[in-house]
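Reader: I would like a close look at a single part of this model. Please take one helix pair, and then the charged side chains.

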Amino acid sequence: MTYYVGLTGGIGSGKSTVASIFAELGVPVIDTDIISHQLTQPGGAAINAIQSEFGKEFIDANGALNREKMRKLIFSDPEFKVRLENILHPLILAQAKIQAISKSAPYVLVVVPLLFESKSYLDWLNRTVTVDCSEEIQLARATQREGLNEQIVRTIMAQQMSRSQRLKLTDDIIQNDASISNLYTQIAELHRNYLKLGQSNN
């Protein structure tokens, strides 16, 4: 039976970088952000439900989710964020499980930004690992790499679970506020541990 490790962290913490290093080590990676984008592309499985719930104006001319319009809406009222998540999260989880079953490896890494917030993954995953850094670094990375302005990043951070809460709930921590070589060292050690856990799980 495959061992499943959930990877999470706040915006700008470096989840994508960490996931790419695990992938370099040969670990199958399932990214729920990618699944979410697929579900909200033209013809995606979530489009009809989103249009029904929010209206045609939230679907663009190509038939995809109008992300800018939706972002403004969910920032204006957290209730809309919950309504969107109620559509997307069950579909994302189901697709993640389908993809995971198809992987043949001692363990699979599942990247879930809102892992502890959504809670629905915790019964499925065997272990969790959180990418952590200071809030100042999160802010700098998110504004530089993701092209978001500071106000939007701060709003997203405020809506996410706090660092201290996340670190209390996780099994393992990857500290991503030093050099890239330090990051590789931490991941290599965790990789060895997860391989052992995955092999003993079979």
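What follows is a walk through that pair and then through the salt bridges.

Author: A caution to start: this is a predicted model.

Take helix 7 and helix 8. Helix 7 spans residues 135-145, and helix 8 spans residues 150-159. Two packed helices are described by an angle and a distance, both taken between their axes. Here the angle is about 130°, and the axes are 9 Å apart. Angles of 65 to 115 degrees count as roughly perpendicular, and those over 145 as roughly antiparallel. The value here falls in neither range, so helix 7 is oblique to helix 8. The crossing of the two helices is right-handed.

Which residues make the contact? Helix 7 brings E135, Q138, L139, A142 and T143. Helix 8 answers with E150, V153, R154 and M157. By type, the contact residues divide into four nonpolar, two polar and three charged.

Now the burial of helix 7. Its buried residues are Q138, L139, R141 and A142. Among these, Q138, L139 and A142 also belong to the contact with helix 8. The cover over the buried residues of helix 7 includes helix 8. Helix 9 (163-169) is also part of that cover. Just after helix 7 comes G147, with a positive phi of about 70°.

Back to helix 8 and its charged side chains. Side chains of opposite charge can pair when their charged atoms come close. E150 and R154 do this: they form a salt bridge, at 2.9 Å from N to O. Why can these two meet? An α-helix has 3.6 residues a turn, so residues three or four places apart point the same way. E150 and R154 are four residues apart in helix 8, so about one helical turn separates them. Both also sit in the contact with helix 7. Is E150 buried or exposed? Neither: E150 is partly exposed, with a relative accessible area of 42%. R154 is partly exposed as well, at 47% relative accessibility.

The structure holds seven salt bridges. Two others inside helices are worth a look.

One is in helix 4 (residues 67-76), which holds both R71 and E68. R71 forms a salt bridge with E68, and their closest N and O atoms are 3.2 Å apart. The two residues lie three apart, about one turn of the helix. R71 is partly exposed, with a relative accessible area of 27%. E68 is partly exposed too, at 41%.

The other is in helix 5 (residues 78-101). There R83 forms a salt bridge with E79, the closest N and O atoms being 3.8 Å apart. R83 and E79 are four residues apart, so about one helical turn lies between them. R83 has a relative accessible area of 24% and counts as partly exposed. E79 is partly exposed, at 45%. This pair does not stand alone: E53, E79 and R83 are linked in a network of salt bridges.

A last stop is helix 10 (residues 180-200), where H191 is found. H191 is buried, with a relative accessible area of 12%. Which residues touch H191, leaving aside its neighbours within four places in sequence? They are F22, L25, V27 and Y107.

Terms used
Residues are numbered from 1 along each chain as its sequence is written. This is a predicted model: local features need pLDDT of at least 70, side-chain atom pairs count only at pLDDT 80 or more; totals for chains, interfaces and linings use all residues. Side-chain values use heavy atoms; hydrogens and water are left out. Axes are lines fitted to C-alpha atoms, for helices over the stretch in contact, and angles run from 0 to 180 degrees between N-to-C directions. Angles under 35 degrees count as roughly parallel, over 145 as roughly antiparallel, 65 to 115 as roughly perpendicular and the rest as oblique. A crossing is left-handed if the near helix is turned anticlockwise from the far one by less than a right angle, and right-handed if clockwise. Contact means heavy atoms within 4.5 Å. Ala, Val, Leu, Ile, Met, Phe, Trp, Tyr, Cys and Pro count as nonpolar, Asp, Glu, Lys and Arg as charged, and the others, Gly among them, as polar. A salt bridge is a side-chain nitrogen of Lys or Arg within 4 Å of a carboxyl oxygen of Asp or Glu. Buried means under 20% relative accessible area, exposed over 50%, partly exposed in between (1.4 Å probe, protein chains only).
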